[in-house]
Amino acid sequence: MTVESPLDRLLALMRASFVKAGADAAAAESARVLAALPAPGAPLAAPLTESAHPLLAEVPEAARAAGGAWAVELLPLAAWLPWRYSYTPRPDAPGLENRMAWAELVGPAAPIRSDVVGFGLTVITRSTFYPPHRHPAVELYAVVAGASEWTLDGVTRSCRAGDFILHPSDVPHAMRALDAPLLGIYSWTGDIVSATAYL
Ligand SMILES: [Fe+2]
């Protein structure tokens, strides 16, 4: 009998939530990502270590808003995920490093190594704007919890849980969490090594 680890169970939930039906570009990217992810049960590149990132305070509200499976799988593991915010501080967004973070679970430097796909969670505190930025990687987001606004190449749309947002390579984008913490699943494909640049 194979016993799934807590991380495998969280990844299974993320995979299930990342299935995009349809025939649009986001659905094609979702299928590409799911096919590229390492098989369940992949070994950890390094043991998980406990995080003290301030964004952890937002996870319970976001996980409960997301629904039962998220509360069950994410809450016990949240403090052991590699939360980080690694961009240079911005004078026009003071404290942003304490208001958003992401935890990459699969990727070149993630607990589960992949050189072809990044896959993780992003949390943004309520009433927080993640300013316009761009990166060579193709990025797909699935909103798990939290009303939010997403801007792609100057066009803004409102999104809720279950919505997908595709950011093509090098196209400027931004997002804003509204009245609740935003929890999203993200993927990167293509050039997943080159860094994000603020505009
Ligand atoms: Fe992005």
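Modeller: Let's start with a word we'll need. A residue is buried if 20 or more other C-beta atoms lie within 10 Å of its own, exposed if 12 or fewer do, and partly exposed in between, with C-beta atoms placed from the backbone. The model is predicted, and local features need pLDDT of at least 70, side-chain atom pairs count only at pLDDT 80 or more, and totals for chains, interfaces and linings use all residues. Residues are numbered from 1 along each chain as its sequence is written.

Colleague: Thanks! What makes you say that both faces of strand β9 are covered?

Modeller: Phe-164 and Leu-166 are buried on one side, and Ile-165 and His-167 are buried on the other. Strands (E, at least two residues) and helices (H or I, at least four) are DSSP runs, numbered from the N terminus.

Colleague: Which way does β9 pair with strand β6, parallel or antiparallel?

Modeller: Antiparallel, over 4 bridges. Two strands pair if DSSP finds at least two bridges between them, and Phe-164 of β9 is the bridge partner of Ala-142.

Colleague: Why is Asp-153 called exposed?

Modeller: Asp-153 has 11 C-beta neighbours inside 10 Å, and exposed means 12 or fewer, so the label fits. Asp-153 sits in the loop between β7 and β8, and its phi is positive, near 50 degrees, although the residue is not glycine.

Colleague: And why is Asp-170 partly exposed?

Modeller: Asp-170 has 14 other C-beta atoms within 10 Å, so it falls between the two cut-offs. Asp-170 lies in the loop between β9 and β10, and it too is a non-glycine residue with positive phi, about 65 degrees.

Colleague: How do you know that the span of helix α2 agrees with expectation?

Modeller: The expected span is 1.5 Å times one less than the number of residues. With 12 residues, α2 should span 16 Å, and its end C-alpha atoms are 16 Å apart, so they agree.

Colleague: Why do you say that the buried residues of α2 line one face?

Modeller: They are Glu-29, Ser-30 and Val-33. Seen down the axis, they fall within an arc of 105 degrees, so they line one face; the arc is that of the directions from the helix axis to the C-beta atoms. They pack against β4, β6, β9 and β11, where contact means C-beta atoms, placed from the backbone, within 7 Å.

Colleague: Lastly, what makes a nonpolar core?

Modeller: It is a set of buried Ala, Val, Leu, Ile, Met, Phe, Trp, Tyr and Cys residues joined through C-beta atoms within 7 Å. The largest one here has 51 residues, and Leu-105 and Tyr-141 are among those touching the most other members. Its largest share, 7 residues, comes from β6.

How values were computed
Contact = placed C-beta atoms within 7 Å.
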